[in-house]
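Got your viewer open? Load the model below, and let's walk through it one selection at a time.

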Amino acid sequence: MSTTEAEDYKRAAAIAAAEEIEDGMRLGLGTGSTVAHLLPAIAARGFTRLRCVATSVATERQAADLGLTVEPFTSLTALDLAIDGADQIAPDGWIVKGGGGAHTREKIVAAAAQRFVVIADGTKVVDALAAPVPLELLAYGLPATLAALGDTAVREGAPPSPDGGVIADYAGDVSDPAALAARLSDTPGVIDHGLFPPSLTSEVIVAGPDGVTRRALA
Ligand code: 5RP
């Protein structure tokens with residue numbers, strides 16, 4: 001798949017997801033190049049009462065530039081819908097996110113939403129999840145946390161998250177995502193990890209050469 005084709009498929013998935021938005025919704029906006037196609041598709045619908053929260057500074061800036069109303073995620077307790085991209089989507093619905101280091105905020109927003117919709121081009125659909133799994137770690141005690149995790153390295157060149165966390169990647173075995181997610185969550189110093197369980201995602205929208213496919217999960 002060429003870069004241009006991949007961008008076309010990301011845009012197609014994003015446009016399909018934008019059709020699920022209704023005016024007046026409280027909407028969570030994810031982060032990444034697929035979401036970058038979503039924002040103009042939302043703006044083009046001309047809503048006047050949409051209330052958005054953003055999972056990254058980049059998304060917040062792009063959304064505001066397009067005239068969308070973005071609020072800090074302190075003024076809303078729940079969202080009607082959240083839409084976000086993904087790095088890997090497995091057949092059983094487990095998803096890896098955090099390629100952009102925004103997975104902690106993205107998981108908070110997904111969990112707060114009545115419906116969480118994942119959008120992707122077909123290259124994100126995998127037979128089985130593989131490393132790396134992105135992590136956000138507390139800076140305090142970082143060497144001890146890395147030692148406890150094993151197979152983990154701080155992501156080279158990645159800035160701290162907007163909340164001050166250190167972005168790292170776990171490169172070990174990912175064959176049992178539920179067990180790994182539990183272990184990562186139980187490790188002191190791990191703020192959050194990029195494994196999203198099937199129960200968190202309502203629908204996956206994937207676009208490829210055969211068009212747009214929608215798959216309901218939770
Ligand atoms: C950011 C994410 C992104 O949603 C994920 O990395 C997919 O990005 P892209 O749409 O650029 O492929 O989880 O933390």
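Is Val-190 buried or exposed? Select Val-190: its relative accessible area is 12%, so it counts as buried (buried means under 20% relative accessible area, exposed over 50%, partly exposed in between, with a 1.4 Å probe and protein chains only). Val-190 sits in strand β10, residues 190-193 (helices are DSSP runs of H or I with at least four residues, strands are E runs of at least two, and both are numbered from the N terminus). Now add Asp-65: Val-190 and Asp-65 are 125 residues apart in sequence and 34 Å apart in space, C-alpha to C-alpha.

Two bits of housekeeping. The model is predicted, so local features need pLDDT of at least 70 and side-chain atom pairs count only at pLDDT 80 or more, while totals for chains, interfaces and linings use all residues. Residues are numbered from 1 along each chain as its sequence is written, and side-chain values use heavy atoms, with hydrogens and water left out.

**Stop 1: the ligand**

Select the ligand and its shell, taking residues with a heavy atom within 4 Å of it. You should get 17 residues, with Ser-33, Thr-34, Asp-87, Gly-98 and Lys-124 the closest. Helices α2 (33-43) and α4 (103-112) each supply at least two residues of that shell.

Next, show the backbone of the glycines. Ligand oxygen atoms lie 2.7 Å from a polar backbone atom of Gly-98, 3.3 Å from one of Gly-99 and 3.2 Å from one of Gly-100. The protein covers 91% of the 380 Å² of accessible area that the ligand has on its own (Shrake-Rupley, 1.4 Å probe).

**Stop 2: salt bridges**

Side chains of opposite charge can pair when their charged atoms come close. The structure holds 15 salt bridges (a side-chain nitrogen of Lys or Arg within 4 Å of a carboxyl oxygen of Asp or Glu).

Start with Lys-97 and Glu-106, whose closest N and O atoms are 3.1 Å apart; Lys-97 and Glu-106 are both buried. Then pick Asp-192 and Lys-107, bridged at 3.0 Å, N to O. That pair links distant parts of the chain, with Asp-192 in strand β10 and Lys-107 in helix α4, 85 residues apart. Asp-192 counts as buried because its relative accessibility is 17%, and Lys-107 does so because its value is 13%. Back at the ligand shell, Lys-124 meets Asp-121 in a salt bridge of 4.0 Å, N to O.

For a network, select Glu-19, Glu-20, Arg-115, Glu-203 and Arg-214, which are linked by salt bridges. Centre on Glu-20, in the loop between α1 (3-18) and β1 (26-29). Its side chain makes polar contacts (N or O pairs within 3.5 Å, one able to donate a hydrogen and the other to accept it) with the side chain of Arg-115 at 2.6 Å and that of Arg-214 at 2.6 Å. Glu-20 counts as buried because its relative accessibility is 18%.

**Stop 3: backbone oddities**

Most residues other than glycine have a negative phi, and most peptide bonds are trans. Select Ala-131 and Pro-132, and you'll find a cis peptide bond with omega near 5°. Pro-132 lies in the loop between β6 (113-121) and β7. Then jump to Asp-151, where phi is near 50°, a positive value. Asp-151 is found in the loop between α5 and β8 (152-154), and it is exposed because its relative accessible area is 56%.
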